Amino acid sequence: MKSIKVKKILAAVLAASMVMASAVTVSASGSDTSDPGVSSSESSSSSSEETPSEASPSVTTYAETMSKKADAPVRVAGLSVRTSVGGVYAANKVQGVAVTTPAASLGASLGLSGNQKAAIIIYDTDAKKSYRAMESINAAASAIGGTVVASLNIDLGAKENGKWVTLSSGSVGLVTGLPKGADTSKEYCAICVQPGGVVTVLEDQDTNPATVTFEVQAGLGTYALTAK
């Protein structure tokens, strides 16, 4: 894994850009297998806000419709993959996303304690929603002669007693299908930027030309699939 520190990034502005941009609304459900329980899909806040879904069980939020339970089957580039982490899988610009770290290894991988269960929120992003993050990613892509084909905001945390728990260490493996129409003859990697301004280039860990497998760090980050 190769780390590229991009200079002249305002860390506070970068963090604000990643946190404040809003794509979908995630309700504060008490379920430990579907809704990770944050008030916005681009917020890593541990607080939960009441939503219409809580007041009226008959109301289904967008996040709930995009939620998957742990061990649910996911179509990733035409293949059926069981994701080991429950959460909101709202990425539509790629052909499926699944966590590949075995369920039995999640506790050790993320340092979970008590009755904490790993949870994840994944959704599409772009320069309009995450300007500073994408600015950093595009600079890193240019430095390695690459082109960004899709970008995701990912918040990897845990749920405990129905509440979202922000994690600060550990990682899980994640496989992502390339967007439809992507040139599978090229090599791909993922470029990650996290609050604080460190950009990391993550090499593809699988041999399938239609997918990219890489490590997702605990906490909030923007990840861009990049053709080289």
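The following numbered points comment on a predicted model of a single protein.

1. Overall composition. The protein has 228 residues, of which 49% are buried. Its secondary structure comprises five helices and 14 strands. Among contacts with a sequence separation of 6 or more, 69% join residues that are 24 or more positions apart. The exposed surface amounts to about 10,100 Å², and carbon and sulfur atoms contribute 52% of that area.

2. Cysteines. The count of disulfides in the model is zero. Two cysteines deserve mention for their burial. Cys189 has a relative accessibility of 0% and therefore counts as buried, the limit being under 20%. Cys192, at 2% relative accessibility, is likewise buried. For context, a disulfide is a covalent bond between the sulfur atoms of two cysteines.

3. Backbone at Asp71. Most residues other than glycine have a negative phi. Asp71 is not a glycine, yet its phi is positive, at about 75 degrees. The residue sits in the loop that runs between strand S2 (67–68) and strand S3 (72–76). Its relative accessible area is 48%, so Asp71 is classed as partly exposed, a class that ends where values pass over 50%.

4. Backbone at Ala77. A positive phi also occurs at Ala77, where the angle is near 50 degrees in a residue other than glycine. Ala77 belongs to the loop between S3 and strand S4 (79–83). With a relative accessible area of 21%, Ala77 is partly exposed, because buried would require a value under 20%. A reader checking the backbone may wish to view Asp71 and Ala77 together.

5. Strand S4 at Leu79. Leu79 is a residue of strand S4. Its relative accessibility of 47% makes Leu79 partly exposed. Leaving out residues up to four places away in sequence, Leu79 touches Val74 and Asn208. Between Leu79 and Gln95, which are 16 residues apart in sequence, the C-alpha distance is 9.8 Å.

6. The largest pocket. This pocket holds about 160 Å³ of space. It is lined by 14 residues, and those closest to its centre are Met66, Lys68, Val74, Tyr89 and Ala91. At least two lining residues come from each of S2, S3 and strand S5 (86–90). Classified by residue type, the lining consists of eight nonpolar, four polar and two charged residues. Val74, one of the residues closest to the pocket centre, is also a contact of Leu79.

7. Ala91, beside the pocket centre and in the fold. Ala91 is among the residues closest to the centre of the largest pocket. Its position is in the loop between S5 and strand S6 (97–99). The residue is buried, since its relative accessibility is 14% and the limit is under 20%. Beyond its neighbours within four places in sequence, Ala91 makes contact with Val97, Ile122, Tyr123, Asp124 and Leu152. Its partner Leu152 lies 61 residues away in sequence, with the two C-alpha atoms 7.1 Å apart.

8. Strand S8 at Ala150. Ala150 forms part of strand S8 (residues 147–160). Its relative accessible area is 7%, which places Ala150 in the buried class. Once neighbours within four places in sequence are set aside, its contacts are Val94, Pro179, Tyr223, Ala224 and Leu225. From Ala150 to Thr226, a sequence separation of 76 residues corresponds to a C-alpha distance of 7.4 Å.

9. Strand S8 at Ser151. Ser151 is also located in strand S8. It is buried, with a relative accessibility of 7%. Apart from neighbours within four places in sequence, Ser151 contacts Tyr123, Asp124, Thr125, Asp126, Met134, Tyr223 and Ala224. The C-alpha atoms of Ser151 and Ile191 are 9.0 Å apart, with the two positions 40 residues apart along the chain as the separation.

10. Shared partners. Several residues recur in the contact lists above. Tyr223 and Ala224 are in contact with Ala150 and with Ser151. Tyr123 and Asp124 are in contact with Ser151 and with Ala91.

How values were computed: Residues are numbered from 1 along each chain as its sequence is written. This is a predicted model: local features need pLDDT of at least 70, side-chain atom pairs count only at pLDDT 80 or more; totals for chains, interfaces and linings use all residues. Side-chain values use heavy atoms; hydrogens and water are left out. A disulfide is a pair of cysteine sulfur atoms within 2.5 Å. Buried means under 20% relative accessible area, exposed over 50%, partly exposed in between (1.4 Å probe, protein chains only). Helices (H or I, at least four residues) and strands (E, at least two) are DSSP runs, numbered from the N terminus. Contact means heavy atoms within 4.5 Å. Accessible areas come from the Shrake-Rupley method with a 1.4 Å probe; for residues, only the protein chains shown count as cover. On a 1 Å grid over the protein atoms alone, a cavity is a set of points where a 1.4 Å probe fits but cannot get out, and a pocket is an open set with protein on both sides within 12 Å along at least five of seven lines; lining residues have an atom within 4 Å of a point. Grid points are joined across faces, edges and corners, and a volume is the space filled by probe spheres set on the points. Ala, Val, Leu, Ile, Met, Phe, Trp, Tyr, Cys and Pro count as nonpolar, Asp, Glu, Lys and Arg as charged, and the others, Gly among them, as polar.
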